[in-house]
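Open the model in your viewer and keep the selection panel at hand. The stops below say what to pick and what to look for there.

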Amino acid sequence: MRAQSLTLAAAGLALLAPTTPPAAAHPSPGAPGAPALRQEGSVRAADLLSRVRDCTPVSRGRYRTDDDAPATIPVCGTDEAVFWTADMDIDCDGRPGPQCNSRTDPLFSDATAYQQSDGRYLSAEALPYIVVPGVSALWDHREHGVLGGSVAAVVYRDRVQYAVVGDTGPSGIIGEASYATAQALGIRPDPRGGGAPSGVTYIVFKNSRATPIESHASAVEVGERLARLFVGVSGTTDGTTDQPQPQQPEVPEGQEGLDAEAGWGE
């Protein structure tokens with residue numbers, strides 16, 4: 001939960017930003033020798049971005065990406081998902097760790113809007129999660145089936161990362177995700193000067209849920225299934241996707257209830 005001004009962001013970037021593009025940056029702090037994944041699951045970034053090319057606004061107005069930025073970002077919607085394209089500020093809130101604490105992040109909070117199944121707050125440096133704006137007259141995410149634990153596909157350049165809705169932010173600002181989300185996408189996760197200035201697309205599948213919220217494996221399983229349905233392709237074992245099919249893909253054995261849980265069943 002943060003409201004980062006353009007002045008603060010610019011100052012942090014000037015002091016700390018790498019001179020090479022994000023895709024060529026060195027591995028993120030806290031994960032020596034562990035490069036970011038280029039792809040999580042079989043659905044390609046290009047296919048997801050093609051599906052959200054057109055915007056039917058569901059918000060009653062537009063959001064800012066930072067305190068001093070103009071309000072230019074609408075929340076868009078389809079029958080299956082809501083989405084927006086914005087920047088990415090780094091949320092380090094939740095349980096403190098080596099990378100996310102009051103020393104590394106001047107805006108650190110030890111709480112998140114949603115909690116794990118054991119009652120503890122989420123860990124921003126361990127769990128890929130995104131932040132949705134707080135409820136306001138501008139947009140109430142709950143009215144669109146977006147709650148704590150809802151599953152999202154976050155797209156940056158040619159990378160896809162599945163995450164959960166894990167925190168809420170200011171009611172007029174959009175574009176924020178956890179340290180772990182940024183790190184997996186190859187975005188510098190430093191809460192003081194990291195993030196991406198633009199080009200991050202957040203797609204949240206309506207009425208979906210990772211169970212429990214802290215299970216990234218569940219987020220990937222649910223997200224991959226719903227992403228394939230969303231773009232109309234079936235996944236393959238080599239990480240590519242088949243061409244669009246004329247009918248909805250068959251539900252794998254043992255997961256018959258997944259679409260119903262997500263609200264897409266019938």
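The tour visits a strand, then a cavity, then the disulfides. Keep in mind that this is a predicted model.

**Stop 1: strand 3**

Select residues 129-133, which make up strand 3. Is this strand open to its surroundings or enclosed? Five of its five residues are buried, so strand 3 is largely enclosed by the rest of the structure.

Now show the side chains. Tyr129, Val131 and Pro133 point one way from the strand. Ile130 and Val132 point the other way. In a regular strand, side chains alternate between the two faces of the sheet.

Add residues 159-169, which form strand 5. Strands 3 and 5 run parallel, and five bridges join them. To see one facing pair, pick Val131: Asp167 of strand 5 stands opposite.

**Stop 2: the cavity**

Stay with strand 3 and turn to the space beside it. How many cavities of 30 Å³ or more does a search of the whole structure find? The search finds one. About 30 Å³ of space lies in this largest cavity.

Select the lining in two steps:

- Val131, Val132 and Pro133.
- Gly169, Pro170, Ile173, Ile174, Gly175 and Glu176.

Strand 3 gives the most to this lining, with three residues. Color the lining by class. You should get six nonpolar, two polar and one charged residues. Val131 thus appears twice on the tour: as a lining residue and as the residue opposite Asp167.

**Stop 3: the disulfide Cys55-Cys76**

The structure holds two disulfides. Select Cys55 and Cys76, which are joined with an S to S distance of 1.9 Å. Cys55 lies in the loop between helix 2 (45-51) and strand 1 (76-77), and Cys76 lies in strand 1, so the pair ties together parts that are 21 residues apart in sequence.

Look along the S-S bond. The torsion is about -90°, so this disulfide is left-handed. Check exposure at each end. Cys55 is partly exposed, with a relative accessible area of 35%. Cys76 is buried, at 5%.

**Stop 4: the disulfide Cys92-Cys100**

Move on to Cys92 and Cys100. A disulfide joins them, S to S 1.9 Å. Which hand does this disulfide have? The torsion about its S-S bond is about -65°, so it is left-handed. Both Cys92 and Cys100 are buried.

Finish by labeling the bonded cysteines in sequence order. The pairing reads 1-2, 3-4.

How values were computed: Residues numbered from 1 in each chain as written. Predicted model: local features only at pLDDT ≥ 70, side-chain atom pairs only at ≥ 80, totals over all residues. Heavy atoms only, no water. 1 Å grid on protein atoms, 1.4 Å probe; cavity = no way out; pocket = protein on both sides within 12 Å on 5 of 7 lines; lining within 4 Å. Points joined across faces, edges and corners; volume = space filled by probe spheres on them. Helix = DSSP H or I, 4+ residues; strand = E, 2+ residues; numbered from the N terminus. Nonpolar A, V, L, I, M, F, W, Y, C, P; charged D, E, K, R; others polar. Buried < 20%, exposed > 50% of the residue type's maximum accessible area, 1.4 Å probe, protein only. Pairing = 2+ DSSP bridges. Disulfide = S-S within 2.5 Å.
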